[in-house]
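Hello,

Here is the structure I promised to pass on to you. Have a look at it first, and then read on for what I found.

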Amino acid sequence: MGGTKRRPYGSTAKRRQTVLAALGVVKVATAEQIRQLMCPGTASAQTVRNGCLDLGRDGLVESLGSAGRTNAAGNLVTEKLWNLTGPGMEAAAAVLDRPVREMGGTARGAARSGAKHAVKVTDTITAFLQTPPEPTRPVPRKQPQTATTATTAPSSAPTGSDTAAAPAAAQEHPQGLGQISSWATEVVLPVSGTLTTPGKNSPGPTRSSPLRRPGCR
């Protein structure tokens with residue numbers, strides 16, 4: 001997909017919102033993790049990466065570190081980690097329909113250090129969500145098929161369709177739990193009192209720096 005002066009990496013509005021929603025919850029992740037979490041039916045992480053790069057030009061996301069993983073071939077690969085900036089946190093809050101005060105931090109420190117714990121938390125949420133792949137739509141041909149192409153094409157392939165039916169793996173995708181907007185990795189826990197009426201000197205719902213629940217980032 002070609003880019004524009006405003007979006008040189010050619011990302012769509014939908015994909016940029018996907019990135020904002022994912023990072024608004026998990027705080028820091030690689031493009032491949034965001035793909036698995038939000039759009040596992042996408043063939044590669046490049047579309048997610050393009051969304052991150054375009055959002056980076058807008059000052060909404062940044063990459064301050066990297067993380068290593070073992071790919072399907074058994075090779076160790078290093079990938080950029082992406083996290084939200086302050087303005088990006090506000091944009092993600094709008095996408096998730098959450099108050100900004102409930103969004104938590106930007107995880108800049110975790111990103112710089114490789115975010116080993118954060119990466120595993122993101123993988124855990126992905127395992128729970130089991131986001132179903134979006135159905136693939138046939139790509140319409142811009143030019144009509146020539147007689148030669150038509151005669152050599154397999155008779156079982158429908159005319160004008162470049163995509164077969166959904167793969168068996170997508171059809172057998174297990175049912176997950178909830179949506180990305182149902183999850184949070186940081187919450188406000190007052191030292192005393194309750195969430196709605198925190199005790200004196202406790203961080204309440206109006207504070208922007210939440211305490212972290214044990215086991216969460």
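Let me start with one residue and work outwards; please keep in mind that this is a predicted model. Leaving aside its neighbours within four places in sequence, L23 is in contact with V28, A29, I34, V61, W82, N83 and L84. There is also a separate core of eight residues, which include V28, L81, A111 and A115.

L23 belongs to the largest nonpolar core, which has 30 residues, and together with I34 and L37 it is among those with the most contacts inside that core. Helices α1, α2, α3 (46-57), α4 and α6 (116-129), along with strand β3, each supply at least two residues of this core. The largest share comes from α1, with seven residues.

Now for the overall layout. The chain has eight helices and three strands, and along the sequence they follow the pattern α-β-α-α-β-β-α-α-α-α-α. Of the 217 residues in the chain, 35% are buried. Among contacts with a separation of 6 or more, 63% are between residues 24 or more positions apart. The chain exposes about 13,000 Å², and carbon and sulfur atoms supply 54% of that area.

The pairing of α1 and α2 deserves a look on your screen. The axes of α1 (residues 13-26) and α2 (residues 31-38) come within 10 Å and cross at roughly 100°. The two helices are therefore roughly perpendicular to each other. From α1, the residues T18, V19, A21, A22, L23 and V26 take part, and they meet I34, L37 and M38 of α2. By type, the residues of this contact are eight nonpolar, one polar and no charged.

How enclosed is α2 by the rest of the structure? Seven of its eight residues are buried, so α2 is largely enclosed. The buried ones are A31, E32, Q33, I34, R35, L37 and M38. You will notice E32 and R35 in that list of buried residues. As for partners, the buried residues of α2 pack against helices α1, α3 and α6 and against strands β1 (28-30), β2 (61-70) and β3.

Strand β3 is a good place to go next, with L84 as the way in. L84 lies in β3 and counts as buried, at 1% relative accessibility. Its contacts, leaving aside neighbours within four places in sequence, are L20, L23, G24, K27, L60, V61, E62, M89, A92 and T106. One of these, E62, is 22 residues away from L84 along the chain, yet the C-alpha atoms of the two are separated by 6.3 Å.

T85 sits in the loop between β3 (76-84) and α4 (86-96). T85 is buried too, with a relative accessible area of 13%. Outside its neighbours within four places in sequence, T85 is in contact with G59, L60, V61, E62 and T106. L60, V61, E62 and T106 also appear among the contacts of L84.

Elsewhere in β3 you will find V77. Is V77 buried or partly exposed? With a relative accessible area of 24%, V77 is partly exposed. V77 touches A67, G68, R69 and N71, not counting residues up to four places away in sequence. V77 and A67 are 10 residues apart in sequence, and their C-alpha atoms are 8.4 Å apart in space.

Finally, a word on the backbone, where two residues may catch your eye. Most residues other than glycine have a negative phi. K27 is not a glycine, but its phi is positive, at about 75°. K27 lies in the loop between α1 and β1 and is buried, with a relative accessible area of 4%. K27 is also one of the residues that L84 contacts. A107 is the other: its phi is near 60°, again a positive value in a residue other than glycine. A107 is found in the loop between α4 and α5 (108-112).

If you have time for one view, I would suggest starting from L23, I34 and L37, which are the residues with the most contacts inside the largest nonpolar core.

Best wishes

How values were computed: Residues numbered from 1 in each chain as written. Predicted model: local features only at pLDDT ≥ 70, side-chain atom pairs only at ≥ 80, totals over all residues. Heavy atoms only, no water. Helix = DSSP H or I, 4+ residues; strand = E, 2+ residues; numbered from the N terminus. Buried < 20%, exposed > 50% of the residue type's maximum accessible area, 1.4 Å probe, protein only. Contact = heavy atoms within 4.5 Å. Areas by Shrake-Rupley, 256 points an atom, 1.4 Å probe, with all protein chains shown as cover. Axes fitted to C-alpha atoms, helices over the stretch in contact; angles between N-to-C directions. Parallel < 35°, antiparallel > 145°, perpendicular 65-115°, else oblique. Nonpolar A, V, L, I, M, F, W, Y, C, P; charged D, E, K, R; others polar. Core = buried A, V, L, I, M, F, W, Y, C linked by side-chain atoms within 4.5 Å.
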